[in-house]
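Student: I should like to understand how the descriptive terms applied to a structure are justified. Could we examine some of them in turn?

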Amino acid sequence: MPFDSHRIHDIPDDLLAAIDYCYEQGWTDGLPVIPPVLDRVHAMLAYEGRPPEAVIATHPATTLQLTVHAAAVNAVMAGCLPEYFPVLVAAFEAMDKPDFNFHGSTASTGGSAPLLIVSGGYADDIGMNADVNLFGPGNRANATIGRATRLILRNVFQMIPGISDKSTQGNPGKYSFCIAERARGNPWPLLCQEQDYPEGVSSVTVFAGGGFCNVENHGGNTPEQILGSVADAMANYGCITLGQSVVILAPEHMRIVAGAGWSRKDAQEFLFAHAKRSIEGMKSVGKYRDVEYDKQHGPDAHSLAQPGYIHRGLGPDDILIAMGGGDAGGHSCFIPSWSRGRGSIMQHKPIGVCIDCN
Amino acid sequence: MQLYDPTASGAERTLSRAGALAAIEGKTIGILENGKLNAPEMLREIADLFVARHGCTIHAVYSKSNASAPAPAETLAQAAAEVDFLITGLGD
């Protein structure tokens, strides 16, 4: 049975015309979509245990609601296979946490995009790419889960470019920004393990990412050299704030860091300690604010926060580090937080299971 | 061919604006600043114009801890109870 017979569009039985019809309705991200025919949506819904009318997320400013059904419709349009659907649902459950602030992070001139990082066995189960060309095209799961996220923001939450999405420049991740953490050859615990999910439970982490910065280093041979170049990228004047960070270490870089015995915590502490700018430097570019310095150096200051400097983030835990990418190449990346501060805090949720719900 | 609609469903929502003040002379002003650089200064400049030109009184400056999130309901309720009108806007 249809979920809502009043919201079904009867159109001529012509696939290409249906694609054009979706354009005409304003339902696309600019690229063609799969017309959301009923049987494909029903197949998507079969991967979610809750009823179609169950609410996954609510827009804090407009109170528009994302139902399981609406998520499934947009997932079909993005090109998702049904087995991808639990990742998309978990991502919006994570984004629905108030501290993620998905209204602000999707409406702002800052132009961030929700980055989804899938960790654990489910990524392999659905054929996600954690390897070569990690952030690039070529993998259906990565591409379409990220794309479905954008279509939901556009179609359900009405974050329309130029109207409610006021991004000054946006970023390419606003088409799709979804990766898997690489498990193969990873010397560190996976994110889902660090997040304390039970064994066998995968997770998705969402982060309002303000872009993508490649960190090239083919000459460094020590953790300090590799992470020193990452820290320098994190502290560039264009994006240093009190905000959080995501760092995806290439396997080649990871081998150097972990091979020297460094843990994730060691790397986080090094990056926090070194991703900093002096007060004078911040003033030289007009970006120094007393309130931000006081927030970082007040009574709750982290012990690595050096007086006289603005560090990126409030402490090492504000830096998520994971491994991803192909075996060859000294190319890691730093993804800055949206805009200038702590308006959005990254969140995570388990995939396909209910752990902390009622 | 039948397609599901991908936009939000649900009951129509009714939104309304507060009624306009009949006059602003002598009214009490609140300022809602969003925490961005120079926001309080800019909004106070505006409020001062109402003080000078219309005999208004500035009662309070309310602050948002997160510029991009909606103001907390309790902040809006407090402002509604304490002032006749509120001045807000983006300061940057």
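The dialogue below sets several descriptions of this predicted model against the criteria behind them.

Student: Why are helices H3(A) and H4(A) called oblique to each other?

Tutor: Helix H3 (residues 68–78) of chain A and helix H4 (residues 85–95) of chain A pack at an angle of about 125°. Angles over 145 degrees count as roughly antiparallel and 65 to 115 as roughly perpendicular, the rest being oblique apart from those under 35, which are roughly parallel. The pair H3(A) and H4(A) is therefore oblique. Their axes are 11 Å apart, and H3(A) passes H4(A) in a right-handed crossing.

Student: Which residues make the contact between H3(A) and H4(A), and what is its class composition?

Tutor: H3(A) contributes Ala71(A), Ala72(A) and Ala75(A), while H4(A) contributes Phe85(A), Leu88(A), Val89(A) and Phe92(A). By class, these are seven nonpolar, no polar and no charged residues. Ala, Val, Leu and Phe are among the residue types counted as nonpolar, so the assignment follows directly.

Student: What makes strand S11 of chain A mostly covered?

Tutor: Five of the five residues of S11(A), residues 319–323, are buried. The word buried is used because 20 or more other C-beta atoms lie within 10 Å of the residue's own. Both faces of S11(A) are covered, with Ile319(A), Ile321(A) and Met323(A) on one side and Leu320(A) and Ala322(A) on the other.

Student: How do you know that S8(A) and S11(A) are paired?

Tutor: Pairing requires at least two bridges. Strand S8 (residues 245–249) of chain A and S11(A) share five bridges, in the parallel sense, so the criterion is met. In one of these, Ile248(A) has Ala322(A) as its partner.

Student: Why are S5(A) and S13(A) described as standing at the edges of their sheet?

Tutor: The open sheet has four strands in the order S5-S4-S6-S13 (chain A), with mixed pairing. Strands S5 (178–180) and S13 (347–350) each have a single partner strand, so one side of each is left without a neighbour in the sheet. Neighbouring strands of this sheet are turned by 20° against each other on average, direction ignored. S13(A) is joined antiparallel to S6(A), residues 203–209, by four bridges, and Thr205(A) stands opposite His348(A).

Student: What makes the strands S1 of chain A and S1 of chain B a pair?

Tutor: Three bridges join S1(A), residues 8–10, to S1(B), residues 2–4, and the two run antiparallel. At least two bridges are needed, so these strands pair across the two chains. Asp10(A) stands opposite Gln2(B).

Conventions:
Residues numbered from 1 in each chain as written. Chains lettered and ligands numbered in written order. Predicted model: local features only at pLDDT ≥ 70, side-chain atom pairs only at ≥ 80, totals over all residues. Axes fitted to C-alpha atoms, helices over the stretch in contact; angles between N-to-C directions. Left-handed = near helix turned anticlockwise from the far one by under 90°. Contact = placed C-beta atoms within 7 Å. Buried ≥ 20, exposed ≤ 12 C-beta atoms within 10 Å, placed from the backbone.
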